[in-house]
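Here is a short, friendly tour of a model you can follow by eye. Keep the viewer open as you read.

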Amino acid sequence: MKVIRWGTGLIILGGLGYLNFFVLTAPLLVKLINVSLFSSLFVLYRVVRGPSPADRIVAVDILGVLIIGMLALLGLFYKQGFFMDIALIWALLSFIASLAFAKTLEGRRIDD
Amino acid sequence: MIRHIAGTVFIFLGIAFDFLGVLGLVRLPDVYNRLQAATKCVTFGTAGLLLGVFILEGFTSFGFKALLGIAFVFLSSPVAAHAISRAAHRSGIPLAAGSVVDMYKADQDTKS
């Protein structure tokens, strides 16, 4: 049973990687952005199905850090400077949001 | 030319670490295990990716904003992870079934 699950997972991931890197005709940066988008799809699975509230908070925190890297790659692809400004502001806001979520989970007030 | 190759290698490494961290976020059994895998891997991966963007761009405003993004991520992500894990432990989310030791709980018991 375990072997079947691991095998199906490896086949799905390997097939997606093969399709992305060897079949799709696109610049290399677009393929890397595709891998990053697929990772954020995994994170959204953990947001939807996390058993406890702390899982969802961890997933949202990780999603913020992933989006920073994705915005940097998008700015490199489109050769526009403002993507990096959005990434910096996103980093600060994601940090403050994680702290506020943690305090709320602990049962304290925000301004404590 | 060698600058292009080095930047692309750093971006590849960053994307690979991001993907492995997100895989750990999906597969591991516990809030604390997920937090450990995801936070370390994704922070290191995003920092490597931004370093690759800096190497590719050189000393322009975009590259310096990428360096500033590395500083933000390295300063903010461990603090957020620590706050989330402490809040999860205090709000009573249990450890996984195969856990061996809980030093934070033992420390609380001896203190009170």
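## Two helices and their surroundings

In chain B, helix 1 passes helix 2 in a left-handed crossing. Please keep in mind that this model is predicted. How are such pairs described? Two packed helices are characterised by the angle between their axes and by the distance between those axes. For helix 1 and helix 2 of chain B, the angle is about 165 degrees and the axes lie 7 Å apart. Angles over 145 degrees count as roughly antiparallel, and the two helices of chain B are therefore roughly antiparallel to each other.

Helix 1 of chain B covers residues 2–27. At 1.5 Å a residue, its 26 residues should span 38 Å, and the end C-alpha atoms are indeed 38 Å apart, so the two values agree.

Which residues of helix 1 of chain B are buried? They are Phe10(B), Ile11(B), Gly14(B), Ile15(B), Phe17(B), Asp18(B), Phe19(B), Gly21(B), Val22(B) and Leu25(B). Their cover includes parts of both chains, among them the helices tabulated here.

| Covering helix | Chain | Residues |
|---|---|---|
| Helix 2 | A | 28–49 |
| Helix 3 | A | 53–78 |
| Helix 2 | B | 31–57 |

Now for chain A as a whole. Chain A has 4 helices and 0 strands, in the order α-α-α-α from the N terminus. Its C-alpha atoms fill a box of roughly 55 × 50 × 15 Å along the principal axes. The radius of gyration of chain A is 18 Å, whereas a compact globule of 112 residues would have one near 13 Å. Buried residues account for 29% of the 112 residues in chain A.

Notes
Residues numbered from 1 in each chain as written. Chains lettered and ligands numbered in written order. Predicted model: local features only at pLDDT ≥ 70, side-chain atom pairs only at ≥ 80, totals over all residues. Expected span 1.5 Å × (residues − 1). Buried ≥ 20, exposed ≤ 12 C-beta atoms within 10 Å, placed from the backbone. Contact = placed C-beta atoms within 7 Å. Rg over C-alpha atoms; globule rule 2.2 N^0.38 Å. Axes fitted to C-alpha atoms, helices over the stretch in contact; angles between N-to-C directions. Parallel < 35°, antiparallel > 145°, perpendicular 65-115°, else oblique. Left-handed = near helix turned anticlockwise from the far one by under 90°.
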